[in-house]
Amino acid sequence: MKSLVIAEKPSVGRDIARVLGCGKGGNGFLEGKDYVVTWALGHLVELSDPESYGDQWKTWNMETLPMLPEKLDIRVIPKTGKQYQTVKSQLHRADINLIIIATDAGREGELVARWIIRKSGVRKPMKRLWISSVTDRAIRQGFDHLKDAREYDNLYKAAVARAEADWLVGLNATRALTVKHNAQLSCGRVQTPTLAMVAKRESQIRTFQPETYYGLKVRGGGVTWIWKDKHNSTSTFSGETVRKVHQKVSGGTGIVEEIRTKQQKSYAPLLYDLTSLQQDANRMFGFSAKQTSDYMQRLYEHHKALTYPRTDSRYLTADIVETLPERIRSCRFGSYGRICGQLLKSPVKGNKSFVDDKKVSDHHAIIPTEQAVNPGDLEYGERKIYELVVSRFLSVLLPPCEFDQTEVSVSCEGERFVVKGKTIRKRGWQEIRNIQKDAGILPDEDDGDDGRSPDTSGEIRDSMPEFTKGQRISFSECTITEGRTKPPLPFTEATLLAAMENPVKYMEHSSQSLKKTLGETGGLGTVATRGDIIEKLFNSFMIEKKDKYIHLTSKGRQVLELAPQGLTSPELTAKWEQQLADIAKGKAGKKDFEAEIRAYTVDIVKDIAASSKTYRHDNLTRKKCPDCGKLLLEVNHKNGRMLVCQDRECGYRKTLSRITNARCPQCHKKMELSGEGENQRFYCVCGYREKLSAFEKRKKENGGGVSRKDVSRYMNKMKKEAEEPLNNAFASAFAKLKL
């Protein structure tokens, strides 16, 4: 008798097959003496379409809503039906007496396998392979410690509850909005609150009233001294106060009153989870959240260089510590070889700064595997993500940075001025920062909300002259500084991800119990879905990107007005995720959650149907759709501009322009490429224009060699990425809405 192993994707399936000695090739499976390995292609089974439940839901109209089937069925996804039949035939083989679920170790991975098994109708004993990396060693260890699949029954129930809740609420709300306003509109429990946060940020910017603040600095003793008021602040909104201080101290003499030196340490940032990695990749390289997820998935599955990507933990478990030296050795290629050699000279130990079993849920933080990879063999995006993870991994293993912080205070006419000096004693993990600086990849300053930007602790210098207590300092160049408070910056993908992770301040309510709930649930969505949600908002034209900043479109603004209020707040998602977590832990029942969701679905459909609000297209063009004759809409896509048909049932789209990687020779920003054939032309926001043919000639003369074929290949890739559906069971249902 043999065991059947079901992997989530072909690449992982082939790796498992190789380790298990399954070399006999089949059509969609591999076989050996004791095992048969087959695989899904992501989801092979999904929730059935509304149309499958009867004629009443084959047409879209308000009278047949809400759609509440007594029991939600599942169906085989037509596109991947052939592989499903392959898996099903293996499941029903007489010589298979054990099923080993080897899909991704998480809620969605559990759903992938269980739905296939359920749809096939087979009933055989099941085991679970639960691993965080797909190296040969991890696979072998995982098979040595297989779990009883029944231990994950509650995780499966939570996965089904999530999928069914999204089906009931998402499809009903979307269908109700669409037929009510005869427009391609959608809403959902995660995407709509995310949209609301973008709207709230834009409102904060729009209503912001700038104020002028003042400070004072003087030169003396070879350094610049910063004035501090009695509240220890270096700025004030009172210009009169600063002018009075200026009059008192101009040309005066300061007396050194205090010299304080503290020995301090700074510790490396925490290891990466997926969200923090997406944030840094967006700040440093401009990668979208989805791009980072895709690069991570390839590094995990294909190259086996990094551990499981869809994790929300930033710590390791104690059992990983013994594998650290081998993981360090795998990182010796590239920029960090010297650091790796330094670490391996002494025993590698873990400490509570990055090892804590209590802070790890399903998967530990993202770290390198024991399998070496040469960064030079990776594609650009893969290499950058790999180097980010390696740099963070090595940082936590290095000692803290130790430095002396010296603050000198002087007094002049009763006013206090300070200067700070910083002397590094041991660089520690800051060696990694130096390597990143040399490579030019350190992140920009955080896009925070504070619009007041003076240094609140005095000038900080890497070195400064020696001072003694009582020393007299002659002041010169006494200058009043002036600034204006600034509004918060618009969201980037990095800061929007952070807001989704911690959305409390974007809510109308701010009770402590709600904050606790949001903290426990991890905010809006999960680490695995946030990037896809942002991408979906771009693809449905509810948000757009200008430079690196995200802005609400007219469509997005109107959807927030038209959507039921409950769907615009993160509170609903926080509550749902908490309930799903309780189901996964066996603390709550799926039936109670489902009953609540069904009641909520009825309420939101009633709200939409009773609304007197209207939707207005304000981006209509004079061009007619070649398929149905209706006027086309011009929309700004994440990667350019396009024409789309206003009729939701038509679905016609035509690309007008695409943002390319070609840089403007004047301002060095990315240029748009528009037009067709010989008329294709690059455009830049600075006003620069250039024909594609002239661009190709210029690049060739400069040795750049960007050919028409290269540009065409890039454009096809961008088009494919824009049209690519989400890899989950709900994606196909939404795809039919032509969003």
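Me: A salt bridge is a side-chain nitrogen of Lys or Arg within 4 Å of a carboxyl oxygen of Asp or Glu. How many salt bridges does the structure hold?

Reply: The structure holds 43 of them. One pairs Arg137 with Glu326, whose side chains meet at 2.5 Å, N to O.

Me: Where do Arg137 and Glu326 lie?

Reply: Arg137 sits in helix α4 (residues 136–144) and Glu326 in helix α10 (residues 324–330), so this pair ties together parts that are 189 residues apart in sequence. Helices (H or I, at least four residues) and strands (E, at least two) are DSSP runs, numbered from the N terminus.

Me: Hang on, what kind of model is this?

Reply: It's a predicted model, where local features need pLDDT of at least 70 and side-chain atom pairs count only at pLDDT 80 or more, while totals for chains, interfaces and linings use all residues. Residues are numbered from 1 along each chain as its sequence is written, and side-chain values use heavy atoms, with hydrogens and water left out.

Me: Back to Arg137, then. What is its relative accessible area?

Reply: Arg137 has 28%, which makes it partly exposed. Its partner Glu326 is also partly exposed, at 32%. Buried means under 20% relative accessible area, exposed over 50%, and partly exposed in between (1.4 Å probe, protein chains only).

Me: Cool. Which residue does Arg150 form a salt bridge with?

Reply: With Asp148, and their closest N and O atoms are 2.7 Å apart. Arg150 is exposed, having a relative accessible area of 62%, whereas Asp148 counts as partly exposed at 23%.

Me: And what about Asp280, who's its partner?

Reply: Asp280 bridges to Arg392, with 3.2 Å between the closest N and O atoms. Asp280 belongs to helix α8 (residues 274–285) and Arg392 to helix α12 (residues 380–397), so the pair ties together parts that are 112 residues apart in sequence.

Me: Are Asp280 and Arg392 buried or exposed?

Reply: Asp280 is buried, and Arg392 is buried too.

Me: Which residues do shared partners join into one network of salt bridges?

Reply: That network takes in Glu258, Arg260, Glu407, Arg416 and Lys420.

Me: New topic: helices. Which residues of helix α13 are buried?

Reply: Helix α13 covers residues 430–439, and its buried residues are Ile432, Ile435 and Gln436.

Me: Why do they line one face of the helix?

Reply: Looking down the axis of α13, you'd find its buried residues within an arc of 100°, so they line one face. That arc is the one made by the directions from the helix axis to the C-beta atoms.

Me: Then which exposed residues does the face turned away from the buried side carry?

Reply: That face of α13 carries Lys437 and Asp438, both exposed.

Me: What covers the buried residues of α13?

Reply: The cover includes α11 (337–343) and α12. Contact here means heavy atoms within 4.5 Å. Helix α12 has turned up already, as Arg392 lies in it.

Me: Last one: which residues of helix α17 are buried?

Reply: Helix α17 runs over residues 554–562, and Lys555, Gly556, Gln558, Val559, Leu560 and Leu562 are its buried residues.

Me: And what covers those?

Reply: Among the parts covering the buried residues of α17 are two helices, α5 (153–181) and α6 (191–207), plus the strand β19 (549–552).
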